[in-house]
Amino acid sequence: MEGCIFCKIISGDIPSKKIYEDDKVYAFYDINPEAPTHFLVIPKEHIESANTLDDSNIDIVSHIFKVIGKLVVDLGISDKGYRVVNNCGEDAGQTVKHIHFHVLGGRSLQWPPG
Ligand code: 5GP
Ligand code: ZN
């Protein structure tokens, strides 16, 4: 979608540190990491947020979790643990309106989040 920074990352118009890519998803390191390991997994299809998931596009979520399961092993954070976060909407602090799943690990994470 025009004007979407994550669509531009997928197309290569904005550079990123890619971890993984297939025909459906793209994974890359967050530019402002909040943990020693902090990456984002996004669908190549522009979906605005969890609020716009429906029967037509929901299958991407299971694929994303399958990819996350592989990447956390590859990056060595699966055993000690990690957190998957999806911020949806203003109150959750969603700043990029292209659905994304944060994966954070490599340190002890606090709960509840702020
Ligand atoms: P949100 O706050 O919407 O849940 O998360 C958006 C995330 O995207 C933030 O953690 C932010 O650091 C990251 N981000 C924003 N712009 C860029 C960018 O151009 N490149 C990368 N790699 N990450 C970005
Ligand atoms: Zn987009």
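Which residue of β2 stands opposite Y20? Keep that in mind for the first exercise.

This is a predicted model, where local features need pLDDT of at least 70, side-chain atom pairs count only at pLDDT 80 or more, and totals for chains, interfaces and linings use all residues. Residues are numbered from 1 along each chain as its sequence is written, chains are lettered from A and ligands numbered from 1 in the order in which they are written, and side-chain values use heavy atoms, with hydrogens and water left out.

**Exercise 1. Trace the pairing around strand β2.**

Solution.
- Strands here are DSSP runs of E with at least two residues, and helices are runs of H or I with at least four, numbered from the N terminus. Two strands pair if DSSP finds at least two bridges between them.
- Start with β1 (residues 18-21): three bridges tie it to β2, and the two run antiparallel. Y20 faces A27 across this pair.
- Look at the connection: a hairpin of three residues leads from β1 to β2.
- Now turn to β3 (residues 37-43), which pairs with β2 over five bridges, again antiparallel. Here Y26 stands opposite I42.

**Exercise 2. Explain why β2 counts as largely enclosed.**

Solution.
- Buried means under 20% relative accessible area, exposed over 50%, and partly exposed in between (1.4 Å probe, protein chains only).
- Four of the five residues in β2 (residues 25-29) are buried, so the rest of the structure largely encloses this strand.

**Exercise 3. Take apart the nonpolar cores.**

Solution.
- A nonpolar core is a set of buried Ala, Val, Leu, Ile, Met, Phe, Trp, Tyr and Cys residues joined through side-chain atoms within 4.5 Å.
- The largest one holds 16 residues, and V41, I64 and I68 have the most contacts inside it.
- At least two residues each come from β2, β3, α2 (59-74) and β5 (101-105), with α2 giving the largest share, seven residues.
- Zoom in on I64: beyond its neighbours within four places in sequence, it touches V25, V41, P43 and F101 (contact: heavy atoms within 4.5 Å).
- A second, separate core has 10 residues, including I9, Y26, L40 and I42.

**Exercise 4. Describe how ligand 1 is held.**

Solution.
- Count the surroundings: 16 residues lie around ligand 1 (a heavy atom within 4 Å), with D30, N87, T95, H100 and H102 the closest.
- Check the polar contacts (N or O pairs within 3.5 Å). A ligand oxygen sits 2.5 Å from a side-chain N or O atom of D30. For N87 the distance is 2.8 Å, and for H102 it is 2.8 Å.
- Finish with area: alone, ligand 1 exposes 520 Å², and the protein buries 83% of that (Shrake-Rupley, 1.4 Å probe).

Definitions and conventions: Polar contact = N/O pair within 3.5 Å; in protein donor to acceptor, adjacent residues only side chain to side chain.
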